[in-house]
Amino acid sequence: MTIHWCGTGLSSVPGLRRLIEGGQKVVVWNRTVEKAREAVGDLTQDIRPYSLEALTAALEPGDLAISMLPADQHVGIAKACLSRGAHFVSSSYIAPEMRALDGEFREKGLCSVNEVGLDPGIDHLMAHDLVARYRAAAAYDAKNVLSFTSYCGGVPKIPNAFRYKFSWSPLGVLKALRSPSRSLRNFSELRVNRPWDAITAYDAPLPTPESFEVYPNRDSYPFMADYRFDPDWQVRDFVRGTIRLNGWAEAWGPVFREIETLEGPAGDARLAEMAAQFWAENSYDEGEPDRVVLFVALKAERDGRVVWHEEWAMDAWGDARGTAMARLVSVPVSMAVESVLAREIPAGVHAAPHDPRLIDAWMGQIRGLAQYLERVDHLAK
């Protein structure tokens with residue numbers, strides 16, 4: 001059995017190194033072999049130039065392929081795994097084309113495990129844990145009114161005037177600002193065309209209390225079912241979103257105003273120009289620590305009184321091990337690989353596991369990746 005790790009970009013290396021150091025048989029695939037050698041050449045010499053054709057030819061029944069390549073590559077690799085009797089793992093959201101492969105993966109007894117990075121990934125584990133704990137709590141009542149929030153973001157450990165720094169090309173961040181979102185706020189659907197139209201404050205339960213700016217992203221609604229909310233539960237708020245340093249909205253005001261005016265090919269060209277400027281002015285310096293914060297909370301109220309309220313809080317930053325973002329994305333991916341090989345995850349297309357035993361095991365390891373990780377009981381304060 002061989003693990004085929006595809007992609008050695010900035011968010012890939014700690015998890016890849018963990019698998020190799022753990023004694024797994026790993027083939028490393030990357031478009032640029034030299035870059036892969038810089039990342040893991042001290043641990044392995046089995047580094048090959050990536051192409052889908054070469055990977056497909058190398059796959060054997062029982063193997064496992066990990067795609068840390070751009071998201072549009074995942075489905076092609078997953079189909080190659082199906083054709084060769086291999087499992088598949090990625091950190092990315094499950095695209096409709098990936099979900100459509102569920103039946104085929106089940107029929108062949110193979111796994112396609114996705115959404116096992118940071119966000120999506122660790123946030124899912126936290127949400128599953130909170131829902132399970134709430135169901136088991138004495139305060140549980142199907143008539144309670146629930147509020148769920150999940151906010152994650154990478155921010156500079158050392159704040160700058162722009163209130164943000166880039167680990168890779170800013171173009172993806174700028175394009176995301178043009179994406180609409182859908183969430184639930186005060187029992188009503190909230191549709192937002194631009195994130196800056198829905199920025200609110202969030203007080204985080206860190207050892208030193210800190211306030212952030214947050215906004216919804218993507219479509220939060222499908223995750224109510226994913227997190228096993230009962231359809232008859234009364235849900236006031238349900239939002240998954242992005243977190244930024246205080247002052248971000250003000251610092252980015254001119255960016256928001258210009259993005260609003262950009263259209264067509266000329267707009268795309270200007271977006272690329274802005275990205276190049278931001279990269280030059282606001283990228284991380286060599287050795288500068290990044291920071292990742294993640295807060296997932298579930299609150300239950302009855303007759304206007306809070307009866308249950310717990311929250312996972314995580315704060316991590318770059319250190320001698322490298323960037324926080326890299327280890328929090330890639331190490332959970334490597335844990336998913338181990339769980340697939342140990343047959344702890346059933347066949348089919350899945351996101352991060354909801355099995356309490358796996359959640360406990362994974363969170364125990366994730367605790368060592370962050371400088372602060374605690375489940376806070378707000379009513380015990």
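The following dialogue goes through several assignments in this predicted model and the values on which they rest.

Student: What makes the span of helix α13 close to the expected one?

Tutor: Helix α13 covers residues 324-341, 18 residues in total, and reaches 26 Å from its first C-alpha to its last, which is close to the 26 Å expected at 1.5 Å a residue.

Student: How do you know that α13 is mostly covered?

Tutor: Of the 18 residues of α13, 16 are buried, a word that requires a relative accessible area under 20%.

Student: What caps the N-terminal end of α13, and what follows the helix?

Tutor: The cap is T323, which has a side-chain oxygen 3.0 Å from the backbone nitrogen of A326, and this distance falls within the 3.5 Å allowed for a polar contact. After α13 comes R343, whose phi is positive, near 60 degrees.

Student: Why is C81 called buried, and how do you know that C81 is in no disulfide?

Tutor: C81 has a relative accessibility of 0%, and therefore counts as buried, the cut-off being under 20%. As for a disulfide, the two sulfur atoms would have to lie within 2.5 Å, whereas the nearest cysteine sulfur to that of C81 belongs to C6 and is 8.1 Å away. By this rule the count of disulfides comes to zero.

Student: Why is C152 assigned to the buried class?

Tutor: C152 has a relative accessible area of 6%, so the residue is buried, given that the limit is under 20%.

Student: Why is R163 called partly exposed, and what is notable about its phi?

Tutor: The relative accessibility of R163 is 22%, so this residue counts as partly exposed, because that class lies between the 20% and 50% cut-offs. Its phi is positive, about 60 degrees, although R163 is not a glycine, and R163 is found in the loop between β7 and α8.

Student: Why does F187 count as partly exposed, and where does F187 lie?

Tutor: With a relative accessible area of 45%, F187 is partly exposed, since exposed would require over 50%. F187 lies in the loop between β8 and β9, and its phi is positive, about 70 degrees, although the residue is not a glycine.

Student: What makes the bond between D119 and P120 noteworthy, and where is P120 placed?

Tutor: D119 and P120 are joined by a cis peptide bond, with omega about 10 degrees, and P120 has its place in the loop between β6 and α7.

Notes:
Residues are numbered from 1 along each chain as its sequence is written. This is a predicted model: local features need pLDDT of at least 70, side-chain atom pairs count only at pLDDT 80 or more; totals for chains, interfaces and linings use all residues. Side-chain values use heavy atoms; hydrogens and water are left out. Helices (H or I, at least four residues) and strands (E, at least two) are DSSP runs, numbered from the N terminus. The expected span of a helix is 1.5 Å times one less than its number of residues. Buried means under 20% relative accessible area, exposed over 50%, partly exposed in between (1.4 Å probe, protein chains only). A polar contact is a pair of N or O atoms within 3.5 Å; within protein, one must be able to donate a hydrogen and the other to accept it, and residues adjacent in sequence count only if both atoms are side-chain atoms.
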